[in-house]
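Hi everyone, thanks for coming. I have a structure to share today, so let me put it on the screen and then walk you through it.

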Amino acid sequence: MIRWLAPVIISLLGVAVAHAATPSPQRQAELRHLLIQDCGSCHGLTLKGGLGPALTPPALAGKPPEFLQLTILHGRPGTAMPPWRGLLSEDDSRWLADRLLAGETQP
Amino acid sequence: MNAANESTTAADGDQVPMRAEWGTVLISSMLVMFLLLAVVSKTEAATLGSGDLALVVERANGSVQIVETTGNSALTRVEGLGDLSHASAVFSRDQRYAFVFGRDGGLSKVDMLEGQLVARVMQSGNSIGGAISQDGRLVAVSNYEPGGVKVFRTDDLTLVADIPALYGAGQHSKVIGLVDAPGRRFVFSLWDAGEIWIADFSAGDQPVISKFEDIGRNPYDALITPDGRYYIAGLFGEDGLALLDLWHPEQGVRRILPHYGKGEEKLPVYKMPHLEGWAVAGNLAFVPAVGRHEVLVIDMLTWQEAGRIAVKGQPVFVMGRPDGRQVWVNFAVPDNDSVQVIDAESLKIVNTLQPGKGVLHMEFEPRGEEVWVSVRDQDELHVYDTASFERRATLPAQKPSGIFMTARASRIGL
C-alpha cells in the first residue's frame, strides 16, 4: 500500500511545487516594482498603511500565505481592495504573499 | 555719478592739466559704473518672482524639487520631508511658502524662494492631504491615523485645533477631501463614516463643527467649485456623488448622478481616483467614474448627467485646462503610461499621448499654454504644449508624483 502510495504522494507534491513556481527574475523585478508603487498607492510606499491597512510582517502575523494570495487575486468585496487576477497569476500572487510575510519587500 | 559730476566741474577750469585728470576720472567713473552694474545684476539674480514657480514631489526620496515654468528649468531640491509616497501641497497667499502634507503625518513648510525646509512637525501617524484657510493663517491636515483633522498656524506650525473624526460607537474615521471654503471654513469627508463635516473658524480658533450624515458609502475624495459654493464628494462604495451647497448648508447634502452604473459590474479600481481642481467648461463639469473606464459629464445648472466619455482606463485625474477648452485625463495601472485629451466642446477625445509608464499627475501652467506631467518610472517631468501636443521640455526628477504650481495660492479649494 505505502509502496505504491509514496510515488503518488511524491508526484502530487511535485505538481504542487510546480504549481507554485517561482516567477522568473525579470518577473520578480516587475512584481517588486508593483508591490512598492501600485500596492503602495493605498498601503503606502513603506507598506505601513494608507487607505488600505498596513502590510508589514507584524501587521500580517498569523495570516496564512493562502489567505493573502486569495486576497490579492480576488480582492475583498465591500472594500477598496480590488481583485488583481487580471494582472497577476497565481504564482505571482503567491510569491508576493511570501515576500510580504517575510518582510522582503524592498527592491 | 558723483565722480562724473566732479570731472565736469573740473573741466570748466584749467584746460591743460585737465587731460590727465579727465582720463583718470573717466576710468574711475567707468569703474564705478561697472561696480554698480555688478551689484544690480547680482541683486537681480537673487530676487525671484514667485508666480511662475512649482513644487514637484519626489515620492521615493522624501524630497521636492522647485522648478520655474517660464524657462522650464529646475531651480533646486529640498530634502528631508519624510515619507512622500502620497503627498500634496498648498501655498501661502504670498506664494513664498509651500505646506507639504506627507504620508507619514509630516507637515513641512518649504521656502520656495530660498529653497529651504523652514519648519516641520510630525502631526499624525498617517496623513492624506490638507488645505489653507481663506485668510492664509491656518493650515489644516486630514489624517488617516488617527482619523481626523488637525489645524495649525501657518507662521510657526503650532497646533490650533484638533478635530477627531469620531462616529458611531467612538470609532475614528479616515478623513479625505479636505478643502478650504469662504468664511474661514474647512470642509472634509469621512471615508468610513460616510459623512461630510464643516469646521467653521470664522469666530476664532475654536471651530464650530457641522455634520452631515448618510451622505453615501465611502466618499473617496472631494472638491469645491472655484467660487467656493459647491462641495462635491465622490463615492467609492456606491455610484454617484454627494453635493453640498455651502450657500445653503441648511438644505443638507443631496445625491447627484445616482446609479450611473445601472447595475453593471464594476471594473477593478487599481488606484483610487482623485477629485482635484475642477474640470469645468461652461456649464459642464468632468469627473472620473469609479470602476468604469469613463469620464462623467455633469450639467452644473441642473446637476444632471450630461454625457459620458469612454476613455482608455480607470481615470485618476480629470483636469481642465484653465480656459476650459480641454480636459486631460490620466489612468490607473495598467494604463498609466497614457494621457488622453478631451475636447470640452465636442466631448470627443482629440489626442492620446504616451509619456511613459507611471504618469502620476498633470498640472497646467496658470494660463494653460503648457502642461507639466510627472512620469514616475522614467524619472522624468515632461512639459507639453497644449495646442500642438509637442513636448517642450524634459527634466530629470526622482520618481516624481504631484506637481503644484504657486498660482494655486490664490484659488479657493487648492
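I'll go from the contact between the chains to the empty spaces, and finish with some local details.

One thing to keep in mind from the start: this is a predicted model.

Let's begin where the two chains meet. How many residues does each chain bring to the contact? Chain B brings 21 residues and chain A brings 20 residues. As general background, the size of an interface is often given as the accessible area lost when the parts come together. Here, chain A and chain B bury about 1700 Å² between them, and 57% of that area is on carbon and sulfur atoms. If we sort the residues on chain B's side of this interface by class, we get 10 nonpolar, two polar and nine charged. And how many salt bridges cross between the two chains? The rule finds zero salt bridges across the interface of chain B and chain A. Polar contacts are another matter: six residue pairs are in polar contact across that interface, with both partners at pLDDT 80 or more.

Now for the empty spaces. A quick reminder of the idea: rolling a probe the size of a water molecule over the atoms shows where empty space is left.

The largest pocket has a volume of about 900 Å³. It is lined by 47 residues, and the closest to its centre are A:His43, A:Leu51, A:Gly52, A:Pro53 and A:Met81. Which elements supply at least two lining residues each? From chain A they are helix H2 (25-43), helix H3 (57-60), helix H4 (65-74) and helix H5 (90-102), joined by strand S9 (138-145) from chain B. The element that gives the most to this lining is H2 of chain A, with six residues. By class, the pocket lining has 26 nonpolar, 12 polar and nine charged residues.

Next, the cavities. The count of cavities of 30 Å³ or more comes to four. Let me take the largest cavity, at about 840 Å³. Among its 48 lining residues, B:His86, B:Ser88, B:Asp221, B:His274 and B:Glu276 are the closest to the centre. Several strands of chain B supply at least two residues each, including strand S4 (88-91), strand S8 (126-132), S9 and strand S14 (175-181), and H2 of chain A does so too. The largest share, five residues, comes from S18 of chain B. This lining divides into 26 nonpolar, 15 polar and seven charged residues.

The second largest cavity holds about 80 Å³ of space. Of its 13 lining residues, the ones nearest the centre are A:Asp38, A:Ser41, B:Lys271, B:Leu360 and B:Arg376. You'll recognise a name here: H2 of chain A and S30 of chain B each supply at least two residues of the lining, and H2 of chain A gives the most, with three. By class, we have six nonpolar, three polar and four charged residues.

On to salt bridges. In general, side chains of opposite charge can pair when their charged atoms come close. Over all chains, the count comes to 28 salt bridges. One of them to look at is between B:Arg120 and B:Asp104, at 3.6 Å from N to O. What parts of the chain does this pair link? B:Arg120 sits in strand S7 (residues 116-122), B:Asp104 is in the loop between strand S5 (97-101) and strand S6 (106-111), and the two are 16 residues apart.

Last, a few backbone details. Most residues other than glycine have a negative phi, and most peptide bonds are trans. Chain B gives us a cis peptide bond between B:Glu145 and B:Pro146, with omega about -10°. B:Pro146 is in the loop between S9 and strand S10 (147-153). The bond from B:Val333 to B:Pro334 is also cis, and its omega is near 0°. B:Pro334 lies in the loop between strand S27 (326-331) and strand S28 (339-343). Finally, B:Leu157 has a positive phi, near 60°, and you can find B:Leu157 in the loop between S10 and strand S11 (159-164).

That's the tour, so thanks for listening!

Terms used. Residues numbered from 1 in each chain as written. Chains lettered and ligands numbered in written order. Predicted model: local features only at pLDDT ≥ 70, side-chain atom pairs only at ≥ 80, totals over all residues. Heavy atoms only, no water. Contact = heavy atoms within 4.5 Å. Buried area = accessible area lost by both parts, 1.4 Å probe. Salt bridge = Lys/Arg side-chain N within 4 Å of Asp/Glu carboxyl O. Polar contact = N/O pair within 3.5 Å; in protein donor to acceptor, adjacent residues only side chain to side chain. Nonpolar A, V, L, I, M, F, W, Y, C, P; charged D, E, K, R; others polar. 1 Å grid on protein atoms, 1.4 Å probe; cavity = no way out; pocket = protein on both sides within 12 Å on 5 of 7 lines; lining within 4 Å. Points joined across faces, edges and corners; volume = space filled by probe spheres on them. Helix = DSSP H or I, 4+ residues; strand = E, 2+ residues; numbered from the N terminus.
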